[in-house]
Amino acid sequence: MEEVDITIIGAGVVGLSIASQVAKKNRDVLLLERHSGFGEETSSRNSEVIHAGIYYPQGSLKAKLCVEGNKLLYQICEENDIPYNPIGKLIVAINEAQENGLEVLIENGRGNGVIDLRIISSKEVQKLEPHIRARAAILSPSSGIIDSHSLMKYFETTAKGNNASIVYGCEVKLIEKPPEGYQVSIQDTDGELFSFLTRILINSAGLESSNIAALVGIDVDKAGYRIYYCKGEYFRVSRGKHRFAHRLIYPFPPHPGFVGIHTVPDLQGMMKLGPYDYFVECIDYSVDDTHKELFYESVRSFLPFIEFQDLGPDMSGIQPKIQRPGEPTKDFIIVHEEEKGLSGLINLIGIDSPGLTSSPAIGRLVENMVKQIL
Ligand SMILES: Cc1cc2nc3c(=O)[nH]c(=O)nc-3n(C[C@H](O)[C@H](O)[C@H](O)COP(=O)(O)OP(=O)(O)OC[C@H]3O[C@@H](n4cnc5c(N)ncnc54)[C@H](O)[C@@H]3O)c2cc1C
């Protein structure tokens, strides 16, 4: 039976970044993806925001990897002609309670290592964004937007250049555990089955990551690995209103763990609003037109230039959450499963936002884990 050193499941931005880091001249690295190209799921259905790392609990993997990923992303974009724009972000307070809350938020961000944050007055907000309504705001200069497709292309090219083999149109169907390594069975688009052995198996299968963990024999409920689908919908802003705000404009967070519906400018200069997040039972990317009122009501206090008729349904994405609806937000799980008796298996579960921002830092972290195993 054929043998490889490292197999990565899933060519989203995370799997591609990992492949670009672990691929080396003297290693056999294989990246498997069920679709015909990279990034056909969550990695191309998001806000494409380079987050600064303000909200995440101090000491969490999300905080650490987001702050590190932010710096790495700007460097990668700059050095490799990947389109990006460090447009900056405002988190706006519209009443006294929220204004007081900005202090808590900024302290959290600073504790995470986001050192360029500052609170600005309504006058300063008016200077930067004359059409926004706010009593005060946090200005985050290191927040920005990126062309995620070009980033994934860069990771793919780097991985291939470092000797990785990337196979599209092949789905991992079965995983068995012989005494050494893992036996992986894959199916191609013609229905052909093929099995091979891998020493290290990296599960970065996004929405399917808990199913992959279950294939290896992990009790996903006991481990806390069950994925719950959280849909995020966007409405586009038309009738020229994209010209009324240039930065990312976020409300004061409505609930812990939710950033709230905000402006999502893109690199072409157009604007969406979103995401509106809610849990769903199955994967369906349609946008519910009846949510238009909710979008309008959520933003009109701080984006007074938006009128009801400016909004139209746009797109949606689905985040792999490891908390049930109503439960507190959980951290990324990125773990070498030695303690479960599964040496050589690295699981990445619940890689929701800020997974895009964190992707280059996740690649580095996983490469360090791989070095310890080999
Ligand atoms: C609405 C929304 C907004 C977001 N906004 C932001 C943002 O602004 N900034 C930010 O940093 N993050 C954001 N995120 C989060 C970010 O998009 C994700 O964290 C990131 O894309 C996850 O990448 P991934 O590679 O882990 O998963 P995915 O992109 O889902 O990739 C997993 C891949 O695994 C493949 N796969 C699954 N099962 C198998 C199998 N059995 N065999 C072979 N292949 C398989 C899938 O086909 C898929 O291509 C947002 C997410 C959503 C949904």
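# Exercises on a predicted model and its ligand

A backbone N or O atom of Gly355 lies 3.4 Å from an oxygen atom of the ligand, and the exercises below, which concern a predicted model, begin from this contact.

## Exercise 1: The surroundings of the ligand

Describe how much of the ligand the protein covers, and which elements and residues surround the ligand.

Step 1. Beginning again with Gly355, whose backbone N or O atom is 3.4 Å from a ligand oxygen atom, we can turn to the cover as a whole: on its own the ligand has 1,000 Å² of accessible area, and the protein covers 98% of this.

Step 2. Two or more residues of the shell around the ligand come from each of these elements: helix H1 (13–22), strand E10 (170–176), strand E17 and helix H9 (355–373).

Step 3. The shell holds 39 residues, of which Glu33, Ser43, Val49, Ile351 and Thr357 come nearest to the ligand; sorted by character, the shell has 15 nonpolar, 16 polar and 8 charged residues.

Step 4. Further pairs of atoms can be named: Thr42 places a polar side-chain atom 3.4 Å from an oxygen atom of the ligand, while Ser47 has a backbone N or O atom 3.3 Å from a nitrogen atom of the ligand.

## Exercise 2: The sheet that contains E16

Work out the order of the strands in the open sheet with antiparallel pairing, and follow the partners of strand E16.

Step 1. This open sheet has 4 strands in the order E15-E16-E13-E17, and their pairing is antiparallel. Strand E15 (262–265) and strand E17 (311–321) are the edge strands, each pairing on one side only, and neighbouring strands are turned by 35 degrees against each other on average, direction ignored.

Step 2. Helix H8 (residues 292–299) packs on this sheet, where it touches strand E13 (228–237), E16 and E17, and the direction of H8 makes about 115 degrees with that of E16.

Step 3. On one side, E16 (residues 271–280) is joined to E15 by 4 bridges in an antiparallel arrangement; Thr263 has Leu273 in E16 as its bridge partner, and His262 stands opposite Gly274 in E16. The two strands E15 and E16 form a hairpin with 5 residues between them, and Gly269 in the turn has a positive phi of about 90 degrees.

Step 4. E16 also pairs with E13, in the antiparallel sense and over 7 bridges, and here Glu233 has Tyr276 in E16 as its bridge partner.

## Exercise 3: The sheet with mixed pairing

Explain why one side of strand E6 and of strand E14 is left without a neighbour in the sheet.

Step 1. A general point helps: strands of a sheet pair through backbone hydrogen bonds, either parallel or antiparallel.

Step 2. The open sheet in question has 4 strands, in the order E6-E7-E5-E14, with mixed pairing. Because strand E6 (118–121) and strand E14 (248–251) stand at the edges with a single partner strand each, one side of each has no neighbour in the sheet. The average turn between neighbouring strands of this sheet is 30 degrees, direction ignored.

Step 3. Within the sheet, strand E5 (residues 89–93) and strand E7 (residues 136–140) pair in the antiparallel sense over 5 bridges, and Ala93 has Ala136 in E7 as its bridge partner.

## Exercise 4: Backbone geometry

Find where the cis peptide bond from Gly274 to Pro275, the cis peptide bond joining Ser353 and Pro354, and the positive phi of Glu48 are placed.

Step 1. As background, most residues other than glycine have a negative phi, and most peptide bonds are trans.

Step 2. The bond from Gly274 to Pro275 is cis, with omega near -15 degrees, and Pro275 is placed in strand E16.

Step 3. The bond between Ser353 and Pro354 is cis as well, with omega of about 10 degrees, and Pro354 is placed in the loop between strand E19 (345–349) and H9.

Step 4. Glu48, although not a glycine, has a positive phi of about 55 degrees, and its place is in the loop between strand E2 (29–32) and strand E3 (49–50).

Methods:
Residues are numbered from 1 along each chain as its sequence is written. This is a predicted model: local features need pLDDT of at least 70, side-chain atom pairs count only at pLDDT 80 or more; totals for chains, interfaces and linings use all residues. Side-chain values use heavy atoms; hydrogens and water are left out. Two strands pair if DSSP finds at least two bridges between them. Axes are lines fitted to C-alpha atoms, for helices over the stretch in contact, and angles run from 0 to 180 degrees between N-to-C directions. Contact means heavy atoms within 4.5 Å. A residue is near a molecule or strand if one of its heavy atoms lies within 4 Å of it. A polar contact is a pair of N or O atoms within 3.5 Å; within protein, one must be able to donate a hydrogen and the other to accept it, and residues adjacent in sequence count only if both atoms are side-chain atoms. Accessible areas come from the Shrake-Rupley method with a 1.4 Å probe; for residues, only the protein chains shown count as cover. Ala, Val, Leu, Ile, Met, Phe, Trp, Tyr, Cys and Pro count as nonpolar, Asp, Glu, Lys and Arg as charged, and the others, Gly among them, as polar.
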